[in-house]
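Me: I'd like a close look at one part of this protein: the main nonpolar core and the strands that build it. Could you walk me through that, and then show me how the pockets and the outer sheets sit alongside?

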Amino acid sequence: MAKQTSSQTVESGHQDVVHDVAMDYYGRRMATCSSDRSIKIFGVSGTEPPTPLATLTGHEGPVWQVAWAHPKFGPILASCSYDRRVILWKEGPDNEWAQMQVFMEHDSSVNSISWASYEFGLCLTCGSSDGTISVLTCREDGSWEKIKIQQAHTVGVTSVSWAPATAPGSLIGENLGPVQKFASAGCDNTVKVWKYADGNWKMDCFPPLTMHTDWVRDVAWAPNLGLPKSTIASASQDGTVVIWMQRKEGDKWEGKVLNDFKTPVWRVSWSLTGNILAVADGNNNVTLWKEAVDGEWSSVTTI
C-alpha cells in the first residue's frame with residue numbers, strides 16, 4: 001500500500017514568481033526567493049503553518065536561488081541573482097539579518113549556487129550566464145580566496161551541485177580521504193564534472209556528459225553513504241531526466257534516461273540517503289522516483 005504524502009500550502013508573501021525554496025540543515029527554517037527581488041525566512045515546526053520571520057532585501061534583480069551553509073559556521077544563507085551578485089547573509093541577535101559579504105565576480109546573471117561539504121570550510125560555488133564558474137572559499141583570516149573556471153559552459157552555466165565529501169568506496173575500506181568535486185550543467189546541453197587537484201579545478205570527465213538535446217536546467221549530485229558508485233541526476237529543457245553513474249573512481253560515467261516527461265524539467269533533488277529522486281516538471285507536477293535492486297527506476301508517488 002502506497003504511503004500517503006501530506007502537503008501544506010504556504011502563503012509566501014512574495015509579489016512575483018517564487019524561484020527557489022531551501023530548508024536549513026535541521027529542517028527548522030525555510031528560505032524562499034522571488035522575482036520580486038526579495039528573500040523570505042520562515043520558521044517551520046511540525047504540522048503548524050510556517051511562521052514568517054524575516055524579509056531580506058538588497059538584490060536589484062530576480063533572485064534565482066538560496067542555499068543554507070552548514071550550521072557549524074552559524075546561521076548563514078547565500079543568494080544569487082540576475083543582478084550578477086552573490087550575497088551572504090548572516091543572522092545576528094533578535095532574528096536580525098545583515099549582509100555579511102557581497103560578491104561581484106561575474107559579468108552576467110548568477111543562476112546557481114552550491115555549498116561544499118563542511119569538511120572544506122565555508123566554500124561556495126557559483127554558476128553564471130557568462131559561462132564561468134567561481135569557487136569562493138573563506139580563509140582563516142576572514143578574507144576570501146576566489147578561483148574562476150573560465151568557459152566552463154560556453155553559452156552559460158545553469159546549475160552547480162557539490163559532490164559529497166565522503167570518498168566513494170570508503171564504506172568498504174577504500175577510503176582515500178575527502179574528495180573535492182562538483183557537477184555543472186549548461187546551455188550547451190552538457191553536464192560536466194570538476195575536480196580540485198594540485199591547486200586547480202580541472203574537468204574530471206572526458207568527454208562532457210552528453211545525452212540531452214536542449215539546455216540542461218538542473219543537476220544534482222546524490223549523497224553517498226560510502227558505496228563505490230557515484231550518481232548524478234540531470235534535468236533538461238528536452239523533457240528528460242538522465243541518471244549518470246560512475247561505478248568506481250576513474251571509471252567512465254554512464255547515462256540512463258529516467259523518464260521522458262514530454263515537458264521541460266526544471267529541478268531535481270535527492271533525498272538525504274540518495275535513494276529517492278524528486279523531479280519537478282513544466283506541468284506543475286512533482287514526482288518521486290526510486291531505484292529497484294535491478295537498477296530500474298520507477299515512480300513511487302506524485303505530490
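Reply: Here is a walk through the core, strand by strand, followed by the empty spaces and the two open sheets. Keep in mind that this is a predicted model.

Let's start with the core itself. The largest nonpolar core has 29 residues, and I133, F182, W194, I232 and W253 are the ones with the most contacts inside it. Two or more residues each come from β11 (133–138), β13 (157–162), β14 (181–186), β15 (191–197), β16 (200–203), β17 (216–221) and β19 (240–246). A separate core of 16 residues lies apart from it, with I76, A78, C80 and L122 among its members. As a bit of background, nonpolar side chains in soluble globular proteins tend to be buried together.

Now take the contributing strands one at a time. β13 is a good place to begin: six of its six residues are buried, so the rest of the structure largely encloses it. β13 runs antiparallel to β14, and five bridges join the two. If you want to find that pairing on screen, look at V157, whose bridge partner in β14 is G186.

Next along the chain is β15, which holds V191. Is V191 buried or exposed? V191 counts as buried because its relative accessibility is 0%, and the cut-off for buried is under 20%. The C-alpha atom of V191 is separated by 9.9 Å from that of W215, a residue 24 positions away along the chain.

β15 pairs with β16 in the antiparallel sense, over four bridges. One of the residues to look for here is A197, with N200 as its bridge partner in β16. These strands make a hairpin with two residues between them, and D198 there takes a positive phi near 55 degrees.

β16 is worth a slower look for its side chains. In a regular strand, side chains alternate between the two faces of the sheet. Along β16 they do alternate: W201 and M203 point to one face and are buried, whereas N200 and K202 point to the other and are not buried.

Then there's β17, which is mostly covered, with five of its six residues buried. β17 and β18 run antiparallel and are joined by five bridges. Here the pair to pick out is V216 and its bridge partner in β18, S236.

So much for the packing; what about the gaps? Rolling a probe the size of a water molecule over the atoms shows where empty space is left. The structure holds one cavity of 30 Å³ or more, and the volume of the largest cavity is about 70 Å³. Its lining is made up of A163, P164, T166, P168, V179, K181, W221, N224, S230, Q246 and E249. By type, those lining residues divide into five nonpolar, four polar and two charged.

There's also a pocket to look at. The second largest pocket contains about 310 Å³ of space. Its lining has 17 residues, and P223, L227, K229, T273 and G274 lie nearest the centre. β18 (230–236) and β23 (286–291) each supply at least two residues of that lining. Sorted by type, the lining of the second largest pocket has eight nonpolar, six polar and three charged residues.

That mention of β23 leads to the open sheets. Strands of a sheet pair through backbone hydrogen bonds, either parallel or antiparallel. β23 belongs to a four-stranded open sheet with the order β21-β22-β23-β24 and antiparallel pairing. β21 (265–270) and β24 (297–302) are its edge strands, each pairing on one side only. From one strand to the next, the twist of this sheet averages 30 degrees. Inside it, β22 (residues 276–281) and β23 run antiparallel and are joined by five bridges, with I276 having K290 as its bridge partner in β23.

The other open sheet also has four strands, ordered β1-β2-β3-β4, with antiparallel pairing. Its edge strands are β1 (18–23) and β4 (51–57), which each pair on one side only. The twist here averages 20 degrees from one strand to the next. Five bridges join β2 (residues 29–34) to β3 (residues 38–43), and these two run antiparallel. For a landmark, try T32, whose bridge partner in β3 is K40.

Key:
Residues are numbered from 1 along each chain as its sequence is written. This is a predicted model: local features need pLDDT of at least 70, side-chain atom pairs count only at pLDDT 80 or more; totals for chains, interfaces and linings use all residues. Side-chain values use heavy atoms; hydrogens and water are left out. On a 1 Å grid over the protein atoms alone, a cavity is a set of points where a 1.4 Å probe fits but cannot get out, and a pocket is an open set with protein on both sides within 12 Å along at least five of seven lines; lining residues have an atom within 4 Å of a point. Grid points are joined across faces, edges and corners, and a volume is the space filled by probe spheres set on the points. Ala, Val, Leu, Ile, Met, Phe, Trp, Tyr, Cys and Pro count as nonpolar, Asp, Glu, Lys and Arg as charged, and the others, Gly among them, as polar. A nonpolar core is a set of buried Ala, Val, Leu, Ile, Met, Phe, Trp, Tyr and Cys residues joined through side-chain atoms within 4.5 Å. Buried means under 20% relative accessible area, exposed over 50%, partly exposed in between (1.4 Å probe, protein chains only). Two strands pair if DSSP finds at least two bridges between them. Axes are lines fitted to C-alpha atoms, for helices over the stretch in contact, and angles run from 0 to 180 degrees between N-to-C directions.
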